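Colleague: I should like a close look at a single part of this model, explained for someone in the first year of study. Please begin with one pair of side chains and then move outwards.

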Amino acid sequence: MPAQGRRRHPTWSAFGELGRIPSEYEVVTHGLNYTLRTGRTAALEANPSSAANLWFLAYRDRSPLQVPDWDGFRDPDRLTYRAYVTVQDEQETVVRGLLDEYSEVGHDRGLPPGWLAVLGLLFTPARRPAHAVQLCHSYLGQMAPSSYISNCAAFAAADMLRRLSVLAYRTRELQRAHPAAGFGTADRARWEMDPVWQPARRALEEALVAYDWGESFVAVNLVLRPTLDDILLRQLGETARANGDDLTWLLLANIDLDAARCRRWTTALGRYAVAERPGNADLIRGWVDRWTPRADAAAEGLAEGLAALPEAAPSASDVVAAARQARHQVLVEARTA
């Protein structure tokens, strides 16, 4: 066909009839997942009956959680890689400033013994659950049916890596101030053996084998993470402040900014799934009901750890009730309660 007779495609034809110029966020996010390429016979360029392709077929393409077009979802923060690293660079500057300021005045040496025990029980071992959640977000990023969802999950996984780094640095500072307290050396044993952690450990290990992408999203983003974050970030931070540990309170408040961003796209995705296919509401509620007892058991275990403080201790029942309310608020915002 002569060149002058060919029909010229719009510059942004991949977006269909968008009716406007796409945003930078859309340009750098749309269609990035090569396993979802148009006209594919399988997710990967291998035998369609290979184990990896059957995995995508079973746990993504044939997931019961479906909508007509997942590419219609948008991250409410419209986050791109460039924007993400800019925001997080600013947050790391804040963290470094806090650590330097409090280190110079010997903050950790004056912490009361009872609070040091709680830090060793709940704060420094929290690297382990953070890593488990990071793995779950990474899996979701690989399995999600749209690059708009994959990018959100990838940034959430990166957030958890930042959390791990902050917790590890703080652990080392506590270890240097109190070398006999077990900071950094007893953390693994506490995570694996202490009764307060075992329900949370079981829940997160079971979440790691929730292979359907939809169930993984519901289990971690809608149920487990809102519950655990409320205790290990907000409530632990407030208790730290009540016990004279302003540094831990400020660090946890900084980390909670990442958690809040994750909650925003999580609830937006829940609303999108229900709006595009109302039947998804019952499906999601079924998964919520399956994972809620695990989340509640995890909250009850961690609450016992906080309630063991000799002074300024919250009651275990109040800790659990607040965590349940935080989770319920996420479910309400996602229109899945």
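With which residue does Arg225 form a salt bridge, and how far apart are the closest N and O atoms?

Modeller: This is a predicted model, in which local features need pLDDT of at least 70 and side-chain atom pairs count only at pLDDT 80 or more, while totals for chains, interfaces and linings use all residues. Residues are numbered from 1 along each chain as its sequence is written, and side-chain values use heavy atoms, leaving out hydrogens and water.

The partner of Arg225 is Asp229, and the closest N and O atoms of this salt bridge are 2.8 Å apart. The term refers to a side-chain nitrogen of Lys or Arg within 4 Å of a carboxyl oxygen of Asp or Glu. As general background, side chains of opposite charge can pair when their charged atoms come close. Arg225 and Asp229 both belong to helix α9 (residues 213-242), where they stand 4 residues apart, about one turn of the helix. Here a helix is a DSSP run (H or I) of at least four residues, numbered from the N terminus. Both Arg225 and Asp229 are buried, that is, under 20% relative accessible area; exposed means over 50%, and partly exposed lies in between (1.4 Å probe, protein chains only).

Helix α9 takes part in another kind of pairing, in which rings of Phe, Tyr and Trp (its six-membered ring) have centres within 6.5 Å; planes under 30 degrees apart count as stacked, over 60 as edge-to-face and the rest as tilted. By this rule there are 10 aromatic pairs. One of them joins Trp70 and Trp213 edge-to-face, at 5.2 Å from centre to centre and with 85° between the planes. Trp213 belongs to helix α9 and Trp70 to the loop between α2 and α3, so this pair links distant parts of the chain, 143 residues apart. Trp70 and Trp213 are both buried.

Phe73 and Tyr272 also form an edge-to-face pair, because their ring centres are 6.2 Å apart and their planes meet at 65°. Since Phe73 lies in the loop between α2 and α3 and Tyr272 in helix α10, the pair ties together parts that are 199 residues apart in sequence. Phe73 is buried, with a relative accessible area of 1%, and Tyr272 counts as buried at 14%. Ring pairs link Trp70, Phe73, Trp213 and Tyr272 into a cluster.

The loop between α2 and α3 brings us back to charged side chains. Asp77 and Arg264 meet in a salt bridge with an N to O distance of 2.9 Å. Asp77 lies in that loop, between α2 (51-61) and α3 (81-104), and Arg264 in helix α10 (residues 246-276), so this salt bridge ties together parts 187 residues apart in sequence. Asp77 is partly exposed, at 30% relative accessible area, and so is Arg264, at 37%.

Elsewhere, Arg294 forms a salt bridge with Glu206, their closest N and O atoms being 2.6 Å apart. This pair also links distant parts of the chain, with Arg294 in helix α11 (residues 280-307) and Glu206 in helix α8 (residues 198-207), 88 residues apart. Arg294 is partly exposed at 26%, and Glu206 at 21%.

Finally, salt bridges link Glu92, Asp159, Arg162, Asp258 and Arg261 in a network. A search of the whole structure finds 27 salt bridges.

Terms used: Helix = DSSP H or I, 4+ residues; strand = E, 2+ residues; numbered from the N terminus.
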